[in-house]
Amino acid sequence: MDKNQATGLILISILMIAYFWFFADAPQQPENIEGNQQVEQNDQKQEETSASQKQDAVEYENDSTLNQSLINQFGAFASVAKGESNISTFNTETLAIQFNSKGGRIKSVELKDFKTFDGQPLIITNQEDEDKQLLFNTAVGEVNLYDLYFEMEGSPKRELSNGDTIQIKFVANIGPNKSIEQIYTLSGNQYQVGYNLAFNGFTNEILGDQLTLRWNKKMRKFEKDLEQSRTKVTMNYYSEEEGMDGLSERSDDDSEEVAEPVKWFSFKQNFFMEALITDIPMKRAEFATDIEDLSSDYVKRGKAKVEIPLAEVTNKAGEFKYYFGPNNYKTLQKVAPDFEENVYLGWFPISLVNKYIIINVFYVLEKYISSYGWIIIILVLLIKLALSPLSYKSYVSMAKTKVLKPQLDEIKEKHGGDMQKAQADQMELYRKVGVNPLSGCIPLLLQMPILFAMFYFFPSSIELRQESFLWATDLSTYDSVLSLPFEIPFYGDHVSLFTILMTLSTLLITWSQGQVSSVQGPMKNIQYFMPVIFMFVLNSFPAALSFYYLIANLITFGQQTLIRRMIDEDKIIAILEENKKKNANKKTSKFQQRLQEAMKASEEAKKEKGKNKKKKK
């Protein structure tokens, strides 16, 4: 190494030593800043982590408390006692039905073919209007199935047409191989909804041998007349032992009944109904109705408590079905045994006339005629035509009695106040001339079942609901041509024109019959009061009923006018005189003998009663 190299090496060494001496701390300053920042960031992260851990701890503690609360309340079913309520809507041709995942239950049902009296959607059932519980016993007490949360499986078709059928399955998974299933079956054009319930895989979690269904339902007002609607609301049921039965419709007070076992029960209104039907006999059942604290939006409250055998829904599906629909007699016949009896058609034998004659004729006419007013007119014509032989006999009998009136008056004058002898001579006169005094009443009595059948048929016919004719906007309720600012006792606050016309036509018939009747004195005047009484009774009844009676009266008047022209009173007198000669020596019939004896006994009883009164005085 030469001198220059040695000098250069020394200088470089000196420069290197000076550089590190003076600048050795300079690069360390940035390193310390970064280190401090890192420490601060780490501390902040630790603080955030600590806060997060604390928050998680609080949430965990709350969640733990909530879980413990659910466990205390629901026991083994606590895992499905918390969730989210989801609403699913399905549309068929007849129903718009909503399901709630909480409870896996039906939330609401709209009848798409019908509206309320004021044009609103007709919601026949709504979760808001009912308190419904399906209870089963567990180690922690009763658990309500409708408090549990279910999940709907798959994506069932939401819009159904005629011929479509789907199943909507709600499942609550409790644990391995343990679940509760609710399966609903919808059809495209049915008012029935199939329902299957199954408790799968449970051994010791459910105690007892039954489920208890508590169903309290406030039934909404769908028709104009609240008071009249309430008289048609009840709870009906079908007992295997007694058949179809139910609570009193007209009762405004609390009404209760107990039955066992039961195959179906219904919340029945005049034109619509919700019902639960099953092939599994429901054990002891309790039913009640009341109107306590109900607003004018509701007609009545129905209550049901039924016991369902647990064995029927354990590890297999218990089969039920709901009915949400109209009270159409033909439709209800296809639902369940005696289910059509929810449409009350009168007591026996009135109901037979409606079931086997009137309803069938009405439905045949309905197929070809769109106007229900004209259907009623044709129905009256057919009935009057069928009954015309009876009407003719009745009128002829009245004409014979009128012809005999002068002779009957002579008998009364002859015996004065001795009614027994007068009646005996009258019966003898009837026997000789061949006149049965009851022959005029018998044809009328035979017509009475049809007359009363209409009294029950029209108020129960949903076919007439919201159908208009002439000035009546709805034939299923009263027609009001004038609203009164006050209410008349037993009449109402409106004027029904059909009822007024029906009353006038009845008075006309009464007058017409009086022309050939032998009835005289006060009794003849009393018969004019009946049409007025019916005017008060029928003022709030369906317009179809008053219209039917109006048309029937007009046709009857026409029949009587025609028959009167056909009858020759001179010929009747000649026939009676001829009969009188033939029967002069004829013995009194056994019927007439018994009738005379009964009249004699009645008269003697009156005399004996009079003697006893005199003795007491």
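**Exercise 1. A salt bridge at a loop**

Task: In this predicted model, find which residue forms a salt bridge with E240, and work out where the two partners lie and whether each is buried or partly exposed.

Solution: Begin with the pair itself, in which E240 forms a salt bridge with K263, the closest N and O atoms being 3.7 Å apart. This distance meets the criterion, because a salt bridge requires the nitrogen to be within 4 Å of the carboxyl oxygen. Next, place the partners along the chain: E240 lies in the loop between β12 (234-239) and β13 (243-246), while K263 belongs to strand β15 (residues 262-268), so the salt bridge ties together parts that are 23 residues apart in sequence. Finally, turn to accessibility, where buried means under 20% relative accessible area. K263, with a relative accessible area of 19%, is therefore buried, whereas E240 has 43% and counts as partly exposed.

**Exercise 2. A salt bridge between two strands**

Task: Determine which strands hold K217 and E274, and decide whether these two residues are buried or exposed.

Solution: First, the closest N and O atoms of the salt bridge between K217 and E274 are 2.9 Å apart. K217 lies in strand β11 and E274 in strand β16 (residues 272-282), which means that the pair ties together parts 57 residues apart in sequence. The relative accessible area of K217 is 4%, so K217 is buried, and E274 is likewise buried, at 3% relative accessibility. For a further case, take the side chains of E286 and R284, which meet in a salt bridge (2.2 Å, N to O). Here E286 counts as partly exposed at 27% relative accessibility, and R284 counts as partly exposed at 34%. A search of the whole structure finds 14 salt bridges, and E153, K169 and E181 are linked in a network of them.

**Exercise 3. The partners of strand β11**

Task: Find how many bridges join strand β11 to strand β5 and to strand β18, and name a residue pair for each.

Solution: Start with strand β5 (residues 130-138), which pairs with strand β11 (residues 207-220) in the antiparallel sense over 7 bridges; within this pairing, the bridge partner of D131 is N216 in β11. Then consider strand β18 (residues 298-309), which also pairs with β11 in the antiparallel sense, over 11 bridges, and there T212 stands opposite E307 in β18.

**Exercise 4. An open sheet**

Task: Work out in which order strands β1, β2, β3 and β4 are arranged, and which of them are the edge strands.

Solution: The 4 strands form an open sheet in the order β1-β2-β3-β4, with antiparallel pairing. The edge strands are β1 (87-91) and β4 (121-126), each of which pairs on one side only, and the twist averages 20° from one strand to the next. Within the sheet, strand β2 (residues 95-100) and strand β3 (residues 105-115) pair over 6 bridges, and Q98 stands opposite S108 in β3.

**Exercise 5. A nonpolar patch on the surface**

Task: Identify which residues make the nonpolar surface patch of about 560 Å², and which helix gives the most to it.

Solution: The patch is made by I526, F529, M530, I533, F534 and V537. Helix α12 (residues 529-538) gives the most, with 5 residues. V537 is placed in helix α12 and, at 41% relative accessibility, counts as partly exposed. For the wider setting, the accessible surface of the protein chain comes to about 33,800 Å², of which 54% belongs to carbon and sulfur atoms.

Key:
Residues are numbered from 1 along each chain as its sequence is written. This is a predicted model: local features need pLDDT of at least 70, side-chain atom pairs count only at pLDDT 80 or more; totals for chains, interfaces and linings use all residues. Side-chain values use heavy atoms; hydrogens and water are left out. Accessible areas come from the Shrake-Rupley method with a 1.4 Å probe; for residues, only the protein chains shown count as cover. Patches are made of residues with over 30% relative accessible area and no salt bridge: like charges are joined within 9 Å, nonpolar side chains (Val, Leu, Ile, Met, Phe, Trp, Tyr) within 5 Å. Buried means under 20% relative accessible area, exposed over 50%, partly exposed in between (1.4 Å probe, protein chains only). Two strands pair if DSSP finds at least two bridges between them. Axes are lines fitted to C-alpha atoms, for helices over the stretch in contact, and angles run from 0 to 180 degrees between N-to-C directions.
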